[in-house]
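Student: I'd like to take a close look at one part of this protein with you. Could you walk me through it and then set it in its surroundings?

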Amino acid sequence: MLSFSFYLFQPFEQIEEAFRKAASCGARELFTSLHLLKGKELGEQEKLEWIGRLARHYGVGVVADATPAVLSYLPTGVGVARALNEWGMVGLRLDDGFSWDETVQLSKQMKVVLNASTITESEIQELTSRQIDWAGVEAWHNFYPRPETGLSGDTLMKQNRMLRQCGIASIGTFVPGNAQKRGPLYKGLPTLEDHREADPVYAYIESIKTYKVEKVFVGDLSVSDDVLRRMEWVRQEIIPIRYRPIVSARWLSLIETVHTNRRDAARDVIRSVESRCTLAWPQEALHSIDPAPRPIGSVTIDNERYGRYAGELQITLTDLPADDKVNVIGRVIKEDVPLLQHIHGGRPFCLIRC
């Protein structure tokens, strides 16, 4: 699941846009924080009630980061779950300060999200011994606003492995946005330090494919429309690859479609099944052109000199030399080269001109 975040300091229209985007992606949850202003967010009754109406309208609930101090701002005499539900909040991500008993009690009222980045196996065992209701418990990692403080891939993998072994069924993580960053540092809000400057689509795919998380949230305020369009391809299990042509030809539109890497995936190149089976190449597309080196990410077509291989479209996975039987027609942009490693045998991908 891909979803987004909003914060109560944002204007009404930006918050509603987060709900709209989440609903369009099929998400059922948004993330927010109730302790950026140390709980004073709960004083904005009009905005909170409006958020509750948005949640019901779009069918998207809110999971809020909170501390015990934040909950002290809730109306007295009303249960936590009931009070928060009025504002569309279906769960709490528990930050530091909650006791064992408070955590267990909350789990019996609503969804509880543990801090996946810091919790230990012994702490999970302690919660089990106190009879926490695991049916409504998930674990989401932190995001890290300050550069150089995000998790390493090894740490994320190790924590996720431990959480799985302890029976946590749903793990979440955060990736940065690429449009409007959240202050005060405006340096992205990723879980992994490697994702701080990464394209959000790549960060999302790596999170679900490499680190096997169930939920990915954009921690920042927004992503570009281009990211949303490419995320739609990802939802269809198709990896979008942006490339720049280096030849000028009308038939280039033929390659800007969905391809499938052969099931018997090659070591050095991605091979399009469709390029030799269903694409109707004009003869000019198969004429040989001046050979050029094929660095990683080169988009190529085997020309007429390759005999029965003529018309095979490939993307190089490593640096290869020039070959007079292979026409280099484009280059995958630098930001999308890391995505090539995820196009395994039998995996669909599409080429998008930029």
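Student: Is Glu-148 buried or exposed, judging by its relative accessibility?

Tutor: Happy to take that one, with the reminder that we are looking at a predicted model. Glu-148 counts as exposed, because its relative accessibility is 67% and the cut-off for exposed is over 50%. The residue is found in the loop between E6 and helix H7, which covers residues 153-165. Its backbone deserves a look too: Glu-148 has a positive phi of about 80°, although it is not a glycine. As background for that, most residues other than glycine have a negative phi, and most peptide bonds are trans.

Glu-148 has company in this respect. Gln-131, also not a glycine, has a positive phi of about 65°. Gln-131 sits in the loop between H6 and strand E6, residues 137-140. With a relative accessible area of 61%, Gln-131 is exposed. Further along the chain, Glu-237 takes a positive phi of about 65° just after H9. A backbone feature of another kind appears at the peptide bond from Gly-183 to Pro-184, which is cis, with omega near 10°. Pro-184 belongs to the loop between E7 and H8.

That loop between strand E7 (171-175) and H8 also holds His-195. Unlike the exposed glutamate you asked about, His-195 counts as buried, because its relative accessibility is 1% and buried means under 20%. Setting aside residues up to four places away in sequence, His-195 touches Val-175, Pro-176, Pro-190, Tyr-202, Ala-203, Glu-206 and Ser-207.

A second buried loop position is Ala-116, at 0% relative accessibility. Ala-116 is placed in the loop between strand E5 (111-115) and H6. Apart from neighbours within four places in sequence, Ala-116 is in contact with Ala-139, Trp-140, His-141, Gln-159 and Leu-163. For a sense of scale, take Ala-116 and Phe-349, which are 233 residues apart along the chain: their C-alpha atoms are separated by 32 Å.

Now to the helices, beginning with H6, since two of the loops above adjoin it. Two packed helices are described by the angle between their axes and the distance between the axes. Helix H5 (residues 100-107) and helix H6 (residues 121-129) pack at an angle of about 60°, and their axes are 10 Å apart. The crossing of H5 past H6 is right-handed. On the H5 side, Trp-100, Thr-103 and Val-104 make the contact, while H6 supplies Glu-123, Glu-126 and Leu-127. Sorted by class, this contact of H5 with H6 has 3 nonpolar, 1 polar and 2 charged residues.

Helix H9 (residues 225-235) shows how burial can be arranged around an axis. In H9, the residues Val-227, Leu-228, Arg-230, Met-231 and Val-234 are buried. These residues lie on the same side of H9, because they cover an arc of only 165° around the axis. The general background is that an α-helix has 3.6 residues a turn, so residues three or four places apart point the same way. On the face of H9 turned away from the buried side, we find the exposed residues Asp-225 and Arg-229. The buried residues of H9 pack against several elements: strand E1 (2-3), helix H1 (12-24), helix H8 (200-209), strand E9 (239-245) and strand E15 (348-353).

What about the cysteines? A search of the whole structure finds 0 disulfides. Cys-277 is in no disulfide, and the nearest cysteine sulfur, that of Cys-350, is 19 Å away. Cys-277 counts as exposed, at 60% relative accessibility, whereas Cys-166 is partly exposed, with a relative accessible area of 23%.

Finally, here is the whole chain as a frame for your residue. The protein chain has 11 helices and 15 strands, and its C-alpha trace spans about 80 × 45 × 35 Å along the principal axes. Of its 354 residues, 52% count as buried; Glu-148 is instead exposed. Among contacts in the chain with a separation of 6 or more, 76% come from residues 24 or more positions apart.

Terms used:
Residues numbered from 1 in each chain as written. Predicted model: local features only at pLDDT ≥ 70, side-chain atom pairs only at ≥ 80, totals over all residues. Heavy atoms only, no water. Axes fitted to C-alpha atoms, helices over the stretch in contact; angles between N-to-C directions. Helix = DSSP H or I, 4+ residues; strand = E, 2+ residues; numbered from the N terminus. Left-handed = near helix turned anticlockwise from the far one by under 90°. Contact = heavy atoms within 4.5 Å. Nonpolar A, V, L, I, M, F, W, Y, C, P; charged D, E, K, R; others polar. Buried < 20%, exposed > 50% of the residue type's maximum accessible area, 1.4 Å probe, protein only. Arc of directions from axis to C-beta. Disulfide = S-S within 2.5 Å.
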